[in-house]
Amino acid sequence: MPALDSVDSFILAASRACVTPLAIFVQIQGCLICLALALGWAFAAYVRNREIKCMKDSMKHGNSFAFLYHDIDNLEHSNQVNLPRVTVVMPLKGFGEHNLHNWRTQITSLYGGHIEYIFVVESTEDPAYHAISMMLKDFQDDVDAKVVIAGFSTTCSQKIHNQLVGAEKMHKESKYILFLDDDTRLHPGTIGALTAEMEKNPEIFIQIGYPLDLPSGSLGSYCIYEYHMPCSMGFATGGKTFFLWGGCMMMHADDFRQDNFGVVSGLRDGGYSDDMTLAAIAGAHNRLITSPPVAVFPHPLASDLNFGRYWNYLRKQTFVLESYISKVNWIMNRALFSSHCYLSWGFVMPYIMAMTHIAAAVRFHSKVEEGVFSSGGLLLAGCLTVCTVVELLSMWNLTKVEVQLCNMLSPEASPLSLASYNWCLVSVSSLKEE
């Protein structure tokens with residue numbers, strides 16, 4: 001056998017190392033991770049699609065307002081007049097590309113009950129203060145909305161401080177309080193749907209939603225989309241879940257008035273992440289968290305979202321896991337971080353090994369019979385390719401279903417489309433995100 005140069009020797013050695021029992025296990029595990037993601041997204045698509053079918057059936061029976069209620073009788077005045085009062089609290093900071101449009105969707109709800117909106121800023125120096133004040137002038141005769149100055153926080157994060165100040169200012173007769181981030185774009189019937197579920201089941205502690213990221217075209221935006229997609233499985237259950245997203249949370253107002261379960265004190269005394277803190281409280285007290293199938297919101301990502309900003313976002317998400325409210329919460333956060341690291345590398349490593357097998361096949365394809373190169377590695381690479389295709393198809397299907405659902409829930413808005421998604425960048429960002 002002729003002597004191999006150093007590069008060929010490295011490729012050959014790496015290829016042989018990738019067919020050891022441990023390496024084979026890693027590659028099979030990578031295939032299983034891909035299939036698990038595909039299965040989770042398929043179930044999430046089933047839950048969302050079931051809601052689409054219910055809306056279509058209602059429309060076939062003459063209900064043109066199926067995006068608000070499946071039963072048109074719920075729109076009768078006798079039903080609408082008895083709806084509970086809701087306070088919507090929106091902690092603001094800064095003024096982004098899509099904030100103005102998002103705020104408009106938040107205050108133009110078609111909820112039939114009494115509703116008040118409280119926008120909370122740190123100070124009048126915040127750019128959000130002037131922007132929201134100008135916008136509210138256009139709606140001053142149509143909505144009950146006000147801007148509250150919270151001041152600087154000293155015991156918790158500024159966002160949580162703003163939320164708690166907003167909760168203190170809510171109307172004394174409000175039954176529910178809804179917290180929204182400035183990047184949450186509501187549907188006309190969102191508040192009504194969340195309230196209906198709370199009325200149906202008083203045992204619900206928190207009701208949540210989740211965003212559908214709309215990438216702007218940059219690699220960073222696709223990385224954000226990829227980061228959120230696996231998480232979306234936990235929010236597309238159509239009912240009970242263990243996960244929380246702070247961008248949309250409806251709770252009982254009395255839980256804040258009376259500090260039930262230590263909600264206020266837990267957030268106020270050292271709270272950094274609102275959703276992680278409330279999830280820990282819910283777990284400690286065995287309280288119910290639910291996510292209705294209609295609570296999915298279009299989330300356009302910033303056009304200037306580059307990879308650097310994505311990396312900063314990822315670092316902040318990791319830092320959140322360093323905050324905790326109890327010993328059990330600390331252990332759970334550590335377990336979550338460790339699992340994320342293990343599964344991320346378990347997802348990436350098989351692709352590195354597959355590229356090694358392909359490189360060896362290209363270089364030594366004519367030397368299989370001489371025993372220089374084994375074709376077993378190509379079989380593993382082929383299996384990973386098939387599993388990856390299945391995974392991407394499942395992700396595409398869930399995105400398609402959620403885009404359709406968002407279009408049906410907001411018939412007045414410009415329709416969303418899958419045409420804006422670059423699936424080559426989706427594939428690349430899946431590896432970069434991990």
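Analyst: The expected span of a helix is 1.5 Å times one less than its number of residues, where helices (H or I, at least four residues) and strands (E, at least two) are DSSP runs numbered from the N terminus. The structure is a predicted model, in which local features need pLDDT of at least 70, side-chain atom pairs count only at pLDDT 80 or more, and totals for chains, interfaces and linings use all residues. Residues are numbered from 1 along each chain as its sequence is written, and side-chain values use heavy atoms, with hydrogens and water left out.

User: How do you know what span α2 should have, and what is found between its end C-alpha atoms?

Analyst: At 1.5 Å a residue, the 40 residues of α2 should span 58 Å. The end C-alpha atoms of α2 are 58 Å apart, so the value agrees with the expected one. Just after α2, G62 has a positive phi of about 95°.

User: Why is Q27 called buried?

Analyst: A residue is buried under 20% relative accessible area, exposed over 50%, and partly exposed in between (1.4 Å probe, protein chains only). Q27, in helix α2, has a relative accessible area of 3% and is therefore buried. Contact means heavy atoms within 4.5 Å; leaving out residues up to four places away in sequence, Q27 touches C18, P350, M353, H357 and L380.

User: Why is R309 called partly exposed?

Analyst: R309 has a relative accessible area of 41%, which lies between the two cut-offs, so the residue is partly exposed. This residue belongs to helix α12 (residues 307-320). Apart from neighbours within four places in sequence, R309 contacts A302 and D304. The C-alpha atoms of R309 and I224 are 9.9 Å apart, although 85 residues separate them along the chain.

User: What makes I28, L32, L35, V386 and V390 a nonpolar patch?

Analyst: Patches are made of residues with over 30% relative accessible area and no salt bridge, like charges being joined within 9 Å and nonpolar side chains (Val, Leu, Ile, Met, Phe, Trp, Tyr) within 5 Å. A salt bridge is a side-chain nitrogen of Lys or Arg within 4 Å of a carboxyl oxygen of Asp or Glu. I28, L32, L35, V386 and V390 form such a patch on the surface, with about 420 Å² of accessible area together (Shrake-Rupley method, 1.4 Å probe, only the protein chains shown counting as cover). Helices α2 (21-60) and α14 (376-409) each give two or more residues to the patch. The most comes from α2, with three residues, while V386 lies in α14.

User: How do you know that β5 and β8 pair?

Analyst: Two strands pair if DSSP finds at least two bridges between them. Three bridges join β5 (residues 204-208) to β8 (residues 248-252), so the two strands meet the criterion, and they run antiparallel. I206 has M251 of β8 as its bridge partner. The open sheet has eight strands in the order β3-β2-β1-β4-β8-β5-β9-β7, with mixed pairing. Its edge strands are β3 (144-149) and β7 (240-241), each paired on one side only.

User: Which residues of α4 are buried, and what do they pack against?

Analyst: N99, N102, W103, T105, Q106 and I107 are buried in α4 (residues 99-107). The buried residues of α4 pack against β1 (86-91), β2 (115-121), α5 (127-137), β4 (176-180) and α7 (190-200).

User: How many helices and strands does the protein chain have, and what share of its residues is buried?

Analyst: The protein chain has 15 helices and ten strands, and 51% of its 434 residues are buried.
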